[in-house]
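Colleague: Thanks for making time for me today. Could you take me through this model, one question at a time?

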Amino acid sequence: MQIDPSIKSRPKYVAPELVASAGLQLFVSESDAGHLLEPLYRQCSESGAQWLVAEPGNAPGTLADSLSGYLQRVLSDAPVTTRLYVAGSEGFLWDIRNQALSAGLVDEQIQLAPPVTKARRLFCTHCYTLMEGVTSSPHTCSGCGRLLLVRDHFARLHGAYVGVQINAEDPEEQLEQEVLQ
Amino acid sequence: MRMSPKPVQTFRDDFSYSNSPGAIARFPFPFPDDEYRYSVNIEPHTTPGPEGSVYEFLLDIDEHYLSEMAERDIVLKENPQRCLAMPHMDLACWDMIERCMQSLAADYPQHFSLSTEGDQWTWENRLLNIKDSFTFGDSSTLPLPPMEYMGRQLQGDFALLDQRDGDLFLDAGIVTCPADWSLAFDAGMSFSEWHGPVPLAHEMGVFERALKYLTAIPVGRPVRRLNWTLTVNARMDTSPETYPNWGTDRASLTADNVGEKVHLRVELQVLDRMPRSNALMFSIRTFLISFDDLVTNPDWARRMHRVLKTLPPELVEYKGLGRYHDLAVEWLSQYDPAN
């Protein structure tokens with residue numbers, strides 16, 4: 001028996017491919033991830049394609065929140081053959097996907113490009129704080145201050161990996177820092 | 001024997017929880033063999049089962065009822081997000097209310113009664129001094145959201161699984177005594193996602209087969225399985241949320257206190273199809289027994305030793321036994337002449 005050590009909830013990503021028959025080609029990206037969608041966009045006719053870019057700003061909430069109103073408006077008028085292509089950090093991908101589902105799309109209409117960075121969004125299982133851009137484990141929770149082991153168990157609804165206190169059984173334990181892959 | 005609820009005992013701090021001889025006798029010892037291996041161990045939950053057993057009725061109410069309801073209240077007051085229901089699960093919650101109230105009133109008429117006139121229902125729970133009238137299907141007529149209202153009157157954790165696209169999604173639940181999983185994090189996950197961290201079983205095709213079986217369960221034909229782990233102290237709330245409070249329990253074990261502190265934790269899991277919503281009600285009824293009480297049954301003592309001794313390392317790790325597995329095996333070996 002071949003043992004695959006990966007946790008099954010962790011998403012696997014493949015480069016998006018254009019579905020030529022779509023009534024609307026909708027591209028959504030973070031500003032530094034546009035190059036992942038550029039080749040697909042170039043294949044589209046100008047009239048049938050739209051591209052929304054999320055620019056980092058000072059608004060509260062996630063970057064995807066800043067697009068939410070506009071995305072809902074576009075999707076409310078979109079044909080049923082709409083295809084959505086998303087590129088950015090992993091948390092952003094799932095935020096946009098979740099917004100699209102609540103606007104009536106189904107997963108078959110949505111393609112998420114491989115995340116542009118290995119940095120993760122982290123969910124603290126003790127105080128439910130969400131942290132962005134986590135690159136190594138363990139990571140100190142910005143909410144409760146506990147030292148969290150960053151696990152590979154992933155929740156699509158949160159777009160986040162779970163963090164669990166790493167030294168709860170032995171606070172004296174010496175820990176090594178590991179770069180996340 | 002049938003169990004009557006006794007006064008409140010605790011699952012935290014001083015851990016006054018204890019099992020009477022009757023509760024020990026009916027404990028659902030989960031091992032059919034000397035070696036534990038994964039299997040799709042699902043069987044029909046045909047009721048009534050043997051009189052007085054934990055399988056007699058759809059929902060088991062035993063001597064720990066008041067204690068578990070008091071414990072659930074503590075957990076929910078500390079963290080209300082241990083109970084949730086997504087908006088599309090409202091109908092499934094009412095399915096659950098109907099199924100649970102009808103079962104309890106029929107199976108335990110000394111404790112519960114239900115009278116209905118059209119959609120005007122009156123529910124009485126004499127164990128908790130509850131008597132409420134409400135309009136069936138109208139959540140605004142209940143004193144609490146429907147999942148919390150019903151869940152606060154039932155022993156064990158409950159989840160409602162929404163069935164779509166041939167998969168099951170964890171979209172509602174009340175989870176205050178889990179074996180180390182978080183409803184808040186796992187909410188909305190598919191069947192294979194929420195089992196993501198379980199080692200070995202995915203590769204064996206266990207979840208694929210189980211999902212096929214579960215999505216085909218018809219109304220009125222519930223199924224059940226047992227699951228198990230070990231817990232240090234009689235602690236019901238072994239959730240990831242509160243792990244900082246109980247992680248150090250594992251380091252508190254010595255050869256002298258294993259029998260008193262280590263508990264076999266058994267989950268009687270029942271899956272029951274809901275008629276209106278097509279959701280599955282997933283009940284996880286947890287039973288705890290100390291090793292001291294467990295070894296009063298020589299067959300259980302011997303088998304528990306052999307199961308732990310032969311447990312694959314991946315499962316020792318996954319069940320969080322690493323720190324005290326050897327200690328537990330050594331202590332149990334005195335009850336197994338073959339060692």
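Colleague: How much area do chain A and chain B bury between them?

Modeller: Keep in mind that this is a predicted model. The size of an interface is often given as the accessible area lost when the parts come together. Of the area buried between chain A and chain B, 61% is on carbon and sulfur atoms. The total is about 2300 Å².

Colleague: How many residues does each chain bring to that contact?

Modeller: Both chains take part, and a residue is included if its heavy atoms come within 4.5 Å of the other chain. Chain B gives 29 residues and chain A gives 28 residues.

Colleague: I like charged pairs. How many salt bridges are there between chain A and chain B, and what is the N to O distance in the one formed by A:Arg156?

Modeller: The count between the two chains is three salt bridges. One of them pairs A:Arg156 with B:Glu193. A salt bridge needs a side-chain nitrogen of Lys or Arg within 4 Å of a carboxyl oxygen of Asp or Glu. Here the closest N and O atoms are 2.8 Å apart.

Colleague: Which element gives the largest share of the side of chain A that touches chain B?

Modeller: Between the chains there are 10 residue pairs in polar contact, with both residues at pLDDT 80 or more. On the chain A side, the elements that give two or more residues are strand E9 (147-155) and strand E10 (160-165). The largest share is five residues, and the element that supplies them is E10(A).

Colleague: And how do the residues on that side divide by type?

Modeller: The side of chain A that touches chain B is a mixture of three classes. Its residues are 13 nonpolar, seven polar and eight charged.

Colleague: Let's stay with chain A. What share of its residues is buried?

Modeller: Chain A has three helices and 11 strands, and its C-alpha trace spans about 60 × 45 × 25 Å along the principal axes. Among contacts between residues at least 6 apart in sequence, 61% join residues at least 24 apart. Of the 181 residues in chain A, the buried share is 45%.

Colleague: Is A:Leu148 buried or exposed?

Modeller: A:Leu148 sits in strand E9 of chain A. Beyond its neighbours within four places in sequence, A:Leu148 is in contact with several residues, including A:Leu122, A:Met131, A:Cys141 and A:Ile166. Buried means under 20% relative accessible area. With a relative accessibility of 0%, A:Leu148 is therefore buried.

Colleague: Over to chain B. Which residue offers the backbone oxygen that the side chain of B:Thr242 reaches?

Modeller: B:Thr242 lies in the loop between strand E8 (223-232) and helix H8 (243-246) of chain B. B:Thr242 has a relative accessible area of 8%, so it is buried. Not counting residues up to four places away in sequence, B:Thr242 touches B:Glu78, B:Arg82 and B:Asp237. At 3.3 Å, the side chain reaches the backbone oxygen of B:Asp237.

Colleague: One more: with which residue does the side chain of B:Asp336 make a polar contact of 2.8 Å?

Modeller: B:Asp336 is in the segment after helix H13 (325-333) of chain B, and it counts as buried because its relative accessibility is 2%. Apart from neighbours within four places in sequence, B:Asp336 is in contact with B:Arg302, B:His305 and B:Arg306. The side-chain partner in the 2.8 Å polar contact is B:Arg306.

Note on methods
Residues numbered from 1 in each chain as written. Chains lettered and ligands numbered in written order. Predicted model: local features only at pLDDT ≥ 70, side-chain atom pairs only at ≥ 80, totals over all residues. Heavy atoms only, no water. Buried area = accessible area lost by both parts, 1.4 Å probe. Polar contact = N/O pair within 3.5 Å; in protein donor to acceptor, adjacent residues only side chain to side chain. Helix = DSSP H or I, 4+ residues; strand = E, 2+ residues; numbered from the N terminus. Nonpolar A, V, L, I, M, F, W, Y, C, P; charged D, E, K, R; others polar. Buried < 20%, exposed > 50% of the residue type's maximum accessible area, 1.4 Å probe, protein only.
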